[in-house]
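Thanks for coming. I will go through one model today, starting in the sheet and ending with the aromatic rings. Please have the sequence and the structure on screen.

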Amino acid sequence: MRKITFACLLLVLLFVVTSCNMDSIFLLFQKPGETPKREVTTETENKAVYTKITPQDAKAYMDEGDYIVLDVRTPNEYAMMHIPGARNHAVENIDTISETIPDKNAKILVYCRSGSRSRQAALAMIEQGYSNVMDFGGILDWPYETTR
């Protein structure tokens, strides 16, 4: 009976390990505070991947400088409240993002209201050839300064 139980556990472990890619396995062992915290979900021809980070990680990148902060909410939402220095380009018009950010190698931090549109925008930008896009979710989770 012990051998059967051991064999079953070994098969389950083997299934879990082989069904995960290495990035997913490394995420399990990531230490608190390590950056970036990556959620790898989509890979395109240009080998850029969708990357989800925390608001705290985004703030650290912003403090470093050399990052474009992109608000993908509507212009009305942006006017009511936004992160200082953020550019606005609504996700509904993401196919024209090259008008707002022509450099496809620019370091871009994307946010929206709750995280749904920022994910959508980040994935669309990667599909358009942007190589360094990170989604940090929504302004609802942003614990830092905002502008009205």
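Start at Val 69, which stands opposite Leu 109 in strand 4. This is a predicted model, so please hear everything I say with that in mind. Val 69 belongs to strand 2, residues 68–71. Strand 2 and strand 4, residues 108–112, pair in the parallel sense, and four bridges join them.

Now the other neighbour of strand 2. Strand 3, residues 87–88, is paired with strand 2 over two bridges, again in the parallel sense. Here Leu 70 stands opposite Arg 87, and Asp 71 stands opposite Asn 88. Between these two strands the chain passes through helix 4, residues 75–80, and this β-α-β crossover is right-handed.

What about the faces of strand 2: are they covered or not? In a regular strand the side chains alternate between the two faces of the sheet. In strand 2, Ile 68 and Leu 70 point to one side, Val 69 and Asp 71 to the other, and all of them are buried. Both faces of this strand are therefore covered, and buried here means under 20% relative accessible area.

Next, the sheet as a whole. The sheet is open, has five strands in the order 1-5-4-2-3, and its pairing is parallel. Which strands stand at the edges? They are strand 1, residues 51–52, and strand 3; each has a single partner strand, so one side of each has no neighbour in the sheet.

Two helices to look at against this sheet. Helix 3, residues 55–64, lies across strand 2, strand 4 and strand 5, and runs at about 130° to strand 5, residues 133–138. Helix 6, residues 116–127, also packs on the sheet and touches strand 2, strand 4 and strand 5. The direction of helix 6 makes about 145° with that of strand 4.

One residue of helix 6 takes us to a loop. Val 49 sits in the loop between helix 2, residues 22–28, and strand 1. Val 49 and Ile 126 are 77 residues apart along the chain, yet their C-alpha atoms are separated by 7.3 Å. Val 49 has a relative accessible area of 17%, so it is buried.

Now the rings. The structure holds four aromatic pairs, and I will show two of them. The rings of Tyr 61 and Tyr 67 have centres 5.0 Å apart and planes at 40°, so this pair is tilted. Both partners are buried: Tyr 61 has a relative accessible area of 11%, and Tyr 67 comes to 18%.

How are the rings of Trp 142 and Tyr 144 arranged? Their centres are 5.0 Å apart and their planes stand at 70°, so this pair is edge-to-face. Trp 142 is buried at 8% relative accessible area, whereas Tyr 144 is partly exposed at 31%. Trp 142 and Tyr 144 also form one aromatic cluster with Tyr 111 and Phe 136.

Finally, charges over rings. Tyr 144 comes up again here: the charged end of Lys 59 sits over its ring, 5.7 Å from the centre. Likewise, the charged end of Arg 119 sits over the ring of Tyr 50, at 4.7 Å from the ring centre.

That is the tour. I will take questions now.

How values were computed. Residues are numbered from 1 along each chain as its sequence is written. This is a predicted model: local features need pLDDT of at least 70, side-chain atom pairs count only at pLDDT 80 or more; totals for chains, interfaces and linings use all residues. Side-chain values use heavy atoms; hydrogens and water are left out. Buried means under 20% relative accessible area, exposed over 50%, partly exposed in between (1.4 Å probe, protein chains only). Two strands pair if DSSP finds at least two bridges between them. A crossover is right-handed if, with the strands pointing away from the viewer, the path from the first strand over the helix to the second runs clockwise. Contact means heavy atoms within 4.5 Å. Axes are lines fitted to C-alpha atoms, for helices over the stretch in contact, and angles run from 0 to 180 degrees between N-to-C directions. Rings of Phe, Tyr and Trp (its six-membered ring) pair if their centres lie within 6.5 Å; planes under 30 degrees apart count as stacked, over 60 as edge-to-face and the rest as tilted. A charge sits over a ring if NZ of Lys or CZ of Arg is within 6 Å of the ring centre and within 35 degrees of the ring normal.
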